Amino acid sequence: MIRGFYETADYGDLLIFRAEFKQFFLSPKCLHFIPLMMAGAVLTAWVYPVASPFVPVVIVVFSGLEPQFNNIFYSTPGELETLSVLPVSWRRVVLAKNCATLLLVLLMFILCSMALLYFSPDTVSWRYTSDALLYLPTVLFPALHIGNMRSIQNPRRRAGMTSTDLFEALWMILTIGALSAPYFIMTGLFEVPLLCALYGVGMAIAWYRYSPARTASLIAEERVRICQAY
Amino acid sequence: MNILEYDEVVKSYDNGVRALDLLSMSVPEASIFGFIGLNGAGKTTAIRIIAGLLQKDSGSVKLFGKKIEDQEDSYKTQIGFVLDEPHYFEWMSAQEWLHFAGAMYGLSRDETKSRSDELLYFFDLSGKRNDPIKTLSTGMKKKISLAAAVIHNPRLIILDEPLEGIDTLAASSIKESLSLMASRGTTILITSHVLDTVERFCSQIAIIHRGKNILQCATEEIRSRAKGAMRDSAYSSLEELFVDLVSDKAKKKHLSWL
């Protein structure tokens, strides 16, 4: 799947991917991780041994990267308008942006784990790590699709430290909580962790085949309405 | 052949303002077309409809002989835009943005890079190529917009106030290069408040007032147009014609203490 995308990706796709990745670190959005990490450190020290020590990592990563999921057409102010003037393929724009978000999640997950697990009162076992790696794809790909839809239904021209952004971050955490249900059913009820891997792969395939195309057709219809509201 | 045609286009905003009121206008191919009007006359609205940023209420807009709604976004590969509001990513450098725009217009990596270098040199931006756009002056930002609009050698270039904020030397070289492009078959639609420039630079003009096209003619016809009811004299400039056409329609104002 990834190879298929790479083979057909042209120079423009790679530039969109690079721009999406780079803008995150150049914008004040990455500073949101400072207060989130502090809260995450407290949570890591407090939550154990009630749940996995990776729970605070998941909360910090997904709430910190919330605009990358739920506001993909305004990663920078005026982005939708700027892209609208150019002859872009919206499917490829969404795909490149989602791929950049995937990479950001992986990167921030590693960095946040390294920082937050330091505060864990006990050693983090390999079991917890493998569970976290099984868990991540089960929520990541559905979250990308939900975020793509939300980016069209509820676009924010400017994302920052406002009450709306706080609400969206909370909404994101609730969404991730709801999306975690299949994982807990497969591991807790059926006790077959392999199902999680299959479910994750299935979600990835479903996202790749359906979500960018669906988002592209919706943005083609809704783009003018969103731009006109400016 | 007309490259762009508006046919009885109507556009009203949510606040009730009727920005375009049955606007009809046609832009001939390979012309430099001056689109002039007062602030709020509807010029930007007309342009933003082509750019895909606004939806018309009724009427039709044809580009290259086809209605824009039947072409999806494919027609944009043949157009370059410089809009009133800047459309670029301010955190990018000039070079990055030109590479980005070139790639979006479908140029190959090598073409994009060589054309970007040429454009940066042409607009005297070589020394600022790696600076973030947000740190550059208004004039430089305008040059970057213009460079991105011509990087793919479009058939039609739409420029909304392109020379505003640009120094005289740069404006002169821009006008020269636009004239060269027009002589090679590129159509240029330009809005400007500098009527002297429009008169000297454009081959055709259209005057829009309260959303309607009130006059469209060749620039050379302006000085042969009869003035006033007596028809005993002609207009000496586009500015005189423009003021005459719009001043009786616009509300005259004065300051009480002057």
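These legends go with close-up views of a predicted model with chains A and B.

**View 1. Where chain B meets chain A, 28 residues of chain B are in contact with 25 residues of chain A.** How much area do chain B and chain A bury between them? The answer is about 2,400 Å², and 67% of it sits on carbon and sulfur atoms. If that sounds like an odd way to describe an interface, here's the background: the size of an interface is often given as the accessible area lost when the parts come together.

**View 2. Here we zoom in on the side of chain B that touches chain A, where helix α2(B) gives the most, with six residues.** Both α2 and α3 (109–122) of chain B supply at least two residues each to this side. Sort the residues of this side by class and you get 14 nonpolar, seven polar and seven charged.

**View 3. A salt bridge joins the side chains of A:Arg223 and B:Asp73.** Look for the N to O distance of 2.8 Å between A:Arg223 and B:Asp73. How many salt bridges does the rule find across the interface of chain B and chain A? There are two. The interface also has three residue pairs in polar contact, with both partners at pLDDT 80 or more.

**View 4. The largest cavity has about 140 Å³ of space in it.** A quick bit of background: rolling a probe the size of a water molecule over the atoms shows where empty space is left. In this model the count comes to five cavities of 30 Å³ or more. The largest cavity has 15 lining residues, and those nearest its centre are A:Val85, B:Phe81, B:His87, B:Trp97 and B:Ser145. The elements giving two or more residues to this lining are α6 (79–85) from chain A, plus β6 (79–82), α2 (94–104) and α4 (138–150) from chain B. Which element gives the most to the lining of the largest cavity? That's α4(B), with three residues. By class, the lining of the largest cavity comes to 11 nonpolar, three polar and one charged.

**View 5. The second largest cavity has a volume of about 80 Å³.** Its lining takes in residues of both chains, including A:Ile16, A:Gln23, A:Leu83, B:Phe89, B:Trp91 and B:Phe100. Two elements of chain A, α2 (11–26) and α6, give two or more residues each to the lining of the second largest cavity. The largest share, four residues, comes from α2(A). Split by class, the lining of the second largest cavity has six nonpolar, two polar and three charged residues.

**View 6. A salt bridge within chain A pairs the side chains of A:Lys97 and A:Glu79, at 2.5 Å from N to O.** This pair links distant parts of the chain: A:Lys97 belongs to helix α7 (residues 90–116), A:Glu79 belongs to helix α6, and the two are 18 residues apart. You've a link back to View 5 here, as A:Lys97 and A:Glu79 are both among the residues lining the second largest cavity. Over all chains, the count comes to 22 salt bridges.

**View 7. The largest pocket holds about 730 Å³ of space.** Which residues lie nearest the centre of the largest pocket? They are A:Thr76, A:Pro77, A:Gly78, A:Arg157 and A:Arg158, out of 27 lining residues. Helices α2 and α6 of chain A are the elements that give two or more residues to the lining of the largest pocket. By class, this lining divides into 11 nonpolar, nine polar and seven charged residues. One name may look familiar, since A:Thr76 also lines the second largest cavity.

How values were computed:
Residues numbered from 1 in each chain as written. Chains lettered and ligands numbered in written order. Predicted model: local features only at pLDDT ≥ 70, side-chain atom pairs only at ≥ 80, totals over all residues. Heavy atoms only, no water. 1 Å grid on protein atoms, 1.4 Å probe; cavity = no way out; pocket = protein on both sides within 12 Å on 5 of 7 lines; lining within 4 Å. Points joined across faces, edges and corners; volume = space filled by probe spheres on them. Nonpolar A, V, L, I, M, F, W, Y, C, P; charged D, E, K, R; others polar. Contact = heavy atoms within 4.5 Å. Buried area = accessible area lost by both parts, 1.4 Å probe. Salt bridge = Lys/Arg side-chain N within 4 Å of Asp/Glu carboxyl O. Polar contact = N/O pair within 3.5 Å; in protein donor to acceptor, adjacent residues only side chain to side chain.
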